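Student: I am new to this structure and would like a close look at a single part of it. Could you pick one spot and walk me through it, along with what lies around it?

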Amino acid sequence: MGHITTLQAADGHEFSAWETEGSHHPYTLVVLQEIFGVNHHIRQVCENFAKAGFHVIAPALFDRVQRGVELDYSTASVEKGKALRAQIPLAKTLLDIQAAASVFKPRKVGIIGYCWGGTLAWEAACRTDDFAAAVGWYGAGIAASRNETPRCPVELHFGEQDTSIPHTDIAAIRQARPEVELYVYDDAGHGFGCPERSSFNAKAYQEAQERSINFLKSNMNP
């Protein structure tokens with residue numbers, strides 16, 4: 001169902017994106033990658049949302065420094081992903097995210113991200129006016145920018161056993177942003193929503209996925 005398309009950011013940067021649409025897609029959604037690129041897992045995420053009624057675009061955010069990045073979940077890939085992420089200023093990444101959203105305008109647009117993408121979904125909600133709803137799954141950088149004010153409704157998902165996101169961070173987000181819907185899943189670690197990781201937790205994934213879909217749709221009624 002999906003295919004590669006080319007987008008252009010406001011600064012002229014051209015980059016790839018994975019676009020997926022089903023036969024019935026009244027809703028629109030930007031999907032943001034982990035630090036592993038628009039790999040098989042992210043394409044499957046897009047497919048799942050298309051089946052749920054979304055027209056989806058996943059921008060290749062690493063194209064600013066290296067094109068065609070698709071990493072697995074090995075330790076070496078984690079380090080490579082971190083190194084690539086470190087080379088891209090947030091402002092440039094937000095331009096790419098806004099370019100993806102512009103494909104769907106003037107319709108209401110939602111955004112969801114995972115890992116690095118979870119943090120970026122939060123930043124996009126706080127720093128742009130492009131989205132009607134934002135969802136972040138296990139975004140480790142959200143606590144550091146918790147005092148920013150979202151410009152749209154936000155829902156966040158974390159794993160209770162996530163060693164990369166301390167419980168104190170989650171508590172700090174709750175305190176700073178009581179208006180944000182925030183869920184913590186017992187026995188779930190970082191990346192609990194990815195079947196290709198050892199940390200995959202089917203129960204937590206299903207609960208978070210249903211909540212995410214319902215949240216997005218309730219804030220984006222066409």
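Tutor: Let's look at one aromatic cluster, formed by Tyr114, Trp137, Tyr138, Tyr185, Phe192, Phe200 and Tyr205. Please keep in mind that this is a predicted model. The structure holds 12 aromatic pairs. One of them joins tyrosine 114 and tyrosine 138: their ring centres are 6.5 Å apart, and with 55° between the planes the pair is tilted. Tyrosine 114 belongs to strand β5 (residues 110-114), while tyrosine 138 sits in the loop between β6 (133-137) and β7 (154-159), so this pair ties together parts that are 24 residues apart in sequence.

How buried are these two rings? Tyrosine 114 has a relative accessible area of 3%, and because buried means under 20%, tyrosine 114 counts as buried. Tyrosine 138 is buried as well, with a value of 0%. Tyrosine 138 also pairs with tryptophan 137, this time edge-to-face, at 6.2 Å centre to centre and 80° between the planes. Tryptophan 137 is buried too.

Now for a neighbour of the cluster. Asparagine 201 is found in the loop between β8 (181-185) and α6 (202-218). Leaving aside residues up to four places away in sequence, asparagine 201 touches Phe192, a residue of the cluster, and also Asp186, Asp187 and Ala188. With a relative accessible area of 16%, asparagine 201 is buried. A polar atom of the asparagine 201 side chain lies 3.2 Å from the backbone nitrogen of lysine 203.

Stepping back, you can place these pieces in the sheet. It is an open sheet of eight strands with mixed pairing, in the order β1-β2-β4-β3-β5-β6-β7-β8. At its edges stand β1 (2-8) and β8, each with a single partner strand, so one side of each has no neighbour in the sheet. From one strand to the next, the twist averages 20°. Within the sheet, β3 (residues 27-32) and β4 (residues 54-59) pair in the parallel sense over four bridges, and threonine 28 stands opposite histidine 55 in β4.

Finally, follow the chain into helix α6. This helix lies across β3, β4, β5, β6, β7 and β8, and runs at about 165° to β6. One more aromatic ring is worth finding on your screen: the charged end of arginine 43 sits over the ring of tryptophan 18, 5.6 Å from its centre.

Key
Residues numbered from 1 in each chain as written. Predicted model: local features only at pLDDT ≥ 70, side-chain atom pairs only at ≥ 80, totals over all residues. Heavy atoms only, no water. Helix = DSSP H or I, 4+ residues; strand = E, 2+ residues; numbered from the N terminus. Buried < 20%, exposed > 50% of the residue type's maximum accessible area, 1.4 Å probe, protein only. Polar contact = N/O pair within 3.5 Å; in protein donor to acceptor, adjacent residues only side chain to side chain. Contact = heavy atoms within 4.5 Å. Phe/Tyr/Trp six-rings, centres within 6.5 Å; stacked < 30°, edge-to-face > 60°. Lys NZ or Arg CZ within 6 Å of the ring centre and 35° of its normal. Pairing = 2+ DSSP bridges. Axes fitted to C-alpha atoms, helices over the stretch in contact; angles between N-to-C directions.
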